[in-house]
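Me: Could you walk me through this fold, going from the whole chain down to single residues?

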Amino acid sequence: MANRRALHFVFKVGNRFETARFYRDVLGMKILRHEEFEDGCKAACNGPYDGKWSKTMVGYGPEGDHFVTELTYNYGIGSYQLGNDFLGITVASSQAVSNARKLKWPLNEMGDGVFETKAPGGYKFYLQNCSPPQSDPVLKVTLAVSDLQKSLNYWSNLLGMKIYEKDEKEQRALLGYADNQCKLELQAIPGKVDHATGFGRIAFSCPQEELSDLEDLMKRENQKILTPLVSLDTPGKATVQVIILADPDGHEICFVGDEAFRELSKVDPEGNKLLDDAIAGDKSDEWFAAQKKPKATG
């Protein structure tokens, strides 16, 4: 499946200002594009919410050849409940470690030059204090699974990912679609995987013509399809086709048609300004404060 690419991971954001500070000033990522929407996404990109929301893509380089994070913000939602499903993103960047120290952003030394830190909202990042071994510093996304072998059957045999490493003793495995791409790490945990409300979604691209075949495969294998093949519009930009799946533990997986996505995901030089303007124009905190009400918890 060399024609498939790892694209991004979706996080729900309760505080855009502090979140933007973490990704820009601590991790040293760039704002690649920012988009505002009046209504909820047909593929539930922003979660099960119908109101106004925004999407911000951040990363170390263009989405065409870097793994990035998609930050979704729902107006009026101040926080989300984290489960045990997302275990962290590993980034190789001595600069990020230096930035965190300089800004006094909390770091927890794990040993061997690895530091744990958290984005606003509690999502974990593991920073390796070294230069990246590849062009993209984002090395892997780690997800919890309840049955490693069952998950490997899904991700490798059905979705076609290559198994790079497998550790039976530690009950973990490393998978990917290409040597120089961000990898997916599956780590078995005791008990059930709980997604709570802070759950994210991992996205991959493939040739658009493969999407219907993928949907047919999942139907034949009696696997869960959260959103059947659908077209998503972004005003003034390309329309992309996506299908949303769920693995045996309920991790959401988005496959998007690569051709249209490459058009949609071009870096917007106004991305930084659009995000900053949206944050400045968002008066929801003041409104809730004036009403003496807390923002909702997702």
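Here are some questions and answers about the chain, one of its hairpins and one of its lysines.

Me: Happy to start broad: how many helices and strands does the protein chain have?
Reply: Glad to help, and please keep in mind that this is a predicted model. Its secondary structure holds both kinds of element, and the count for the protein chain is seven helices and 18 strands.

Me: Which radius of gyration does the protein chain have, and how does that fit a compact globule?
Reply: The C-alpha atoms fill a box of roughly 55 × 45 × 40 Å along the principal axes. For 298 residues, a compact globule would come out near 19 Å. The protein chain agrees with that, because its own radius of gyration is 19 Å.

Me: What share of the contacts joins residues 24 or more positions apart?
Reply: Let's count contacts in the protein chain with a separation of 6 or more. Of these, the part from residues 24 or more positions apart is 67%.

Me: How far apart do the centres of the positive and negative side chains lie?
Reply: The protein chain carries 36 positive side chains and 43 negative ones. Take the centre of each set, and the distance between the two is 4 Å.

Me: Now to strand E16: is it mostly covered or mostly open, and how many of its residues are buried?
Reply: Strand E16 covers residues 240-246, and a residue counts as buried under 20% relative accessible area. By that cut-off E16 is mostly covered, with the buried count at six of seven.

Me: Which strands pair with E16, and in which direction do they run?
Reply: One partner is E15 (residues 225-232), joined to E16 by five bridges, among them leucine 232 with valine 240. Another is E17 (residues 252-257), also joined by five bridges, and there valine 242 stands opposite valine 256. So the partners are E15, running antiparallel to E16, and E17, likewise antiparallel.

Me: Which residue takes a positive phi in the hairpin of E16 and E17?
Reply: This hairpin has five residues between the strands. The phi in question is near 85 degrees, and it belongs to glycine 250.

Me: Is lysine 42 buried or exposed?
Reply: Lysine 42 sits in the loop between strand E2 (30-37) and strand E3 (53-59). Its relative accessible area is 58%, and the cut-off for exposed is over 50%, so lysine 42 is exposed.

Me: Which residues does lysine 42 touch?
Reply: Let's set aside residues up to four places away in sequence. What remains for lysine 42 is Thr227, Val230, Ser231 and Leu232.

Conventions
Residues numbered from 1 in each chain as written. Predicted model: local features only at pLDDT ≥ 70, side-chain atom pairs only at ≥ 80, totals over all residues. Heavy atoms only, no water. Helix = DSSP H or I, 4+ residues; strand = E, 2+ residues; numbered from the N terminus. Rg over C-alpha atoms; globule rule 2.2 N^0.38 Å. Contact = heavy atoms within 4.5 Å. Lys, Arg positive; Asp, Glu negative; His and termini not counted. Charge placed at Lys NZ, Arg CZ, Asp CG, Glu CD. Buried < 20%, exposed > 50% of the residue type's maximum accessible area, 1.4 Å probe, protein only. Pairing = 2+ DSSP bridges.
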